[in-house]
Amino acid sequence: MRFRTRLYVNLDILSDNYQKLKALVPGREILFMVKADGYGHGMIPLVNFGHNELGIKEFGVATMGEAKSLREELPGQKFEIYVFSDIHFQIESSKELLLNQRILPVISNFRDLDYVLSEKDFKYLPLILKFNTGMNRLGLSPSRLEEIINLIKSKGRKSIYHLMTHFSSASLAITNNQNQRQASVFKQIKTEFENHGLNIERSSMANSGALEQNFALEETHVRPGLMLYGPKSLIPKLREDSHWDGQIVSRLETYIISVFEVNKGDPIGYGATICPQDGVMVIIALGYGDGFSTRFEGAELEYRGHMGKVFGRVNMDMTQILFKQEALKDIRVGEKFEIWNHNQDKILNFSDQTKTIPYELFCQLTSRVPRVYGLEL
Ligand SMILES: Cc1ncc(COP(=O)(O)O)c(C=O)c1O
């Protein structure tokens, strides 16, 4: 466990982001995606706060394991949990959880649909269907729509609890053919269900990228993940036109554990990377053991108005950052050093430089970095 390095999670900001999102999608229900441990921020505290303080009623996770820990850690709470991919209907322990813990599985292939509809135990399981409208990953195939509808009707089902699809390219322009095609295929699927007398109680398409572009808002639900944690998800050239102006809920803060002057030609750290200039080397208490990857070498980070560069090989426990000589007067051992903070630009700039995405920066932080929660942190 880290001694002082922390991921501070400001729940006031989560609340502000949620209010901003609600203003973007008036009248729509929000299914908050909290998979991968709440995008690295801690699923349990976020769901607890989201449900009890913000009134969010529905949450999305990827695996039955995540759903199980939500039910175990937050017993008796009335929120709904959707599980999107890692379900295993046929396994007894999974079946038990689905039936006894009110967990909602998203069905994304014909075999699982057939199984659910044929099993007596699942007679009252709400039908949540995800269609593959062009992502070509998971999802029921629209080419089997007729067969799917007939099967559902033949088992006496009269309604679909939630019909959904997922965009492959929502971070690209919404005018993009792929996005337009997916939305149009989804509409056709909905119409077919309705034409066959099957009621659709809920439907959703939009994730962050679509929401940032005011797209696919006509369904009953939206399914945001990233934007509620703060960052815009659109590709750089579209960011300026994004409708999202949330703040980053977290701040990754580490400490300076050493500062020393270096000369051009000095070998530094593992691999003995040669210093290209005279300057100031700052060692921070963050390394790949915390999720700060060796691939971040060369990325620039700002500190008190000075630009430094991740220098040489990132270590397991620490990282060298090279500053120009003039930074020396402003840098002291023991002071805090932010990798990202609540500002959009800082994390997006870092993810652009490191060819990562904010999703990944959040998720790859290891459990060695304690998450600290609070209001106005
Ligand atoms: C099915 C589904 N819906 C919604 C989301 C949320 O996406 P985002 O974090 O881009 O808003 C995800 C995330 O990958 C997802 O898999």
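A polar contact is a pair of N or O atoms within 3.5 Å; within protein, one must be able to donate a hydrogen and the other to accept it, and residues adjacent in sequence count only if both atoms are side-chain atoms. The model is predicted, so local features need pLDDT of at least 70 and side-chain atom pairs pLDDT 80 or more, while totals for chains, interfaces and linings use all residues. Residues are numbered from 1 along each chain as its sequence is written, and side-chain values use heavy atoms, without hydrogens and water.

**View 1. Polar contacts of the ligand.** Side-chain N or O atoms of Lys35 come to 2.7 Å from a ligand oxygen. For Tyr39 the distance from a polar side-chain atom to a ligand oxygen is 2.6 Å, and for Tyr359 it is 2.6 Å. Of the 390 Å² of accessible area (Shrake-Rupley method, 1.4 Å probe) that the ligand has on its own, the protein covers 92%.

**View 2. The shell around the ligand.** Among the surrounding residues (a heavy atom within 4 Å) are Met33, Phe84, His166 and Arg223. The shell comprises six nonpolar, four polar and two charged residues.

**View 3. Two cysteines.** Cys275 is buried (under 20% relative accessible area, 1.4 Å probe, protein chains only) because its relative accessibility is 2%. Cys363, at 37%, is partly exposed (between 20% and 50%).

Definitions and conventions
Ala, Val, Leu, Ile, Met, Phe, Trp, Tyr, Cys and Pro count as nonpolar, Asp, Glu, Lys and Arg as charged, and the others, Gly among them, as polar.
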